[in-house]
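Good morning, and thank you for joining this group meeting. I would ask you to look at the sequence and the structure together as I speak.

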Amino acid sequence: MAPTTPTLIGSVRRALALLELVAEHGELTAKRLSRMAGLPLPTTYHLLRTLVHDGHLRHERGAFRLGPAAPRLAGRGPGQGARLREWLRVLGEEIDAPVYYAVMDAGEVEVVLSAHTPERPAAEEWTEFRATAHAHALGQCLLAQLEPDARREYLARRPVRRLTPRTVPDEEALMRRLAGIRRGAPVIEREEYALGTVCGAVPVTVGGARAAVGFSLPADEEGRLEETALRLRGRLERVLTDHVFAVQA
């Protein structure tokens, strides 16, 4: 008896092809996706709307990026969150500081996980982290990953305000600072979010997702702030090279 041919669902195969293209290139327009996938533009739009609706893609400034649900396709479920939490704990021990993992999700800064100890307590969230990205290293690190127009959009909703005498004074000063951050470089801030606390953060960019890992120190340890930020960057580079770090909890 001849082997039976499996039933193949064409729309599923086409949708996965679009996801693979976005994952490979990071950001693509609908017209370019249509050409690269060899699909009619109306079909491409239909598939993209479905993928955006289900969270696998997000549509920003005319282009498509991977969405918050995409990492689940790689098996990054609840167990991955436990592994990430343990990885953060070990990292905190290595750099002798509380550490934090944050993402830019649906236009908001979200601190997803942190690892700290009684000896190295986490920075106090005395005013909401997600509303004060301009003032802390994690937020600045995530904002630096956006295009200038997207930064302006965020700051229109979450305007710059002085939290301490050392906070960046206004939106234009912040935009200049963000424009000067080199791609992949650590970001540091000194008592801009809270007096008595200094912070550093390093960007994590995988598959179009925007994330950052950061740490905080008491201000009297400011002397090791830059060194710790560079150690964190080196540690993340090694982990990403080995493909063992997940970008979602």
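**A buried glutamate and two helices**

Let me begin with E189, which is buried but forms no salt bridge. Its nearest side chain of opposite charge belongs to R177, and that lies 7.0 Å away. A salt bridge would require a side-chain nitrogen of Lys or Arg within 4 Å of a carboxyl oxygen, so R177 at 7.0 Å does not provide one. I should state at once that this is a predicted model.

Where does E189 lie? It belongs to strand β5, which covers residues 187-190.

What, then, does the side chain of E189 reach? One partner is the backbone nitrogen of E192, at 2.9 Å. Another is the backbone nitrogen of E191, which lies 3.2 Å from a polar atom of the E189 side chain. If we set aside neighbours within four places in sequence, the contacts of E189 include A135, H136, A137 and Q140. T197, V198, C199 and L225 are also in contact with E189.

I now turn to the helices, beginning with α2. Its residues A30, L33 and S34 are buried. These residues cover an arc of only 100 degrees around the axis, which puts them on the same side of α2. In general, an α-helix has 3.6 residues a turn, so residues three or four places apart point the same way. The face of α2 turned away from the buried side carries K31 and R35, both exposed. As for partners, the buried residues of α2 pack against α1, α3 and β2. After the helix comes G38, with a positive phi near 70 degrees.

The next helix to consider is α3, residues 41-53. With 13 residues, α3 reaches 18 Å from its first C-alpha to its last, close to the 18 Å expected at 1.5 Å a residue. Which residues of α3 are buried? They are T44, L47, L48 and L51. Viewed down the axis of α3, these buried residues fall within an arc of 100 degrees, and therefore line one face of the helix. On the other side of α3, the residues P42, R49 and H53 are exposed.

Against what do the buried residues of α3 pack? Their partners are the helices α1 (10-25) and α2 (30-37), together with the strands β1 (57-60) and β2 (63-66). Just after α3, G55 adopts a positive phi of about 85 degrees.

Thank you for your attention.

Note on methods: Residues are numbered from 1 along each chain as its sequence is written. This is a predicted model: local features need pLDDT of at least 70, side-chain atom pairs count only at pLDDT 80 or more; totals for chains, interfaces and linings use all residues. Side-chain values use heavy atoms; hydrogens and water are left out. Helices (H or I, at least four residues) and strands (E, at least two) are DSSP runs, numbered from the N terminus. The expected span of a helix is 1.5 Å times one less than its number of residues. Buried means under 20% relative accessible area, exposed over 50%, partly exposed in between (1.4 Å probe, protein chains only). The arc is that of the directions from the helix axis to the C-beta atoms. Contact means heavy atoms within 4.5 Å. Lys and Arg count as positive and Asp and Glu as negative; His and the chain ends are not counted. A polar contact is a pair of N or O atoms within 3.5 Å; within protein, one must be able to donate a hydrogen and the other to accept it, and residues adjacent in sequence count only if both atoms are side-chain atoms.
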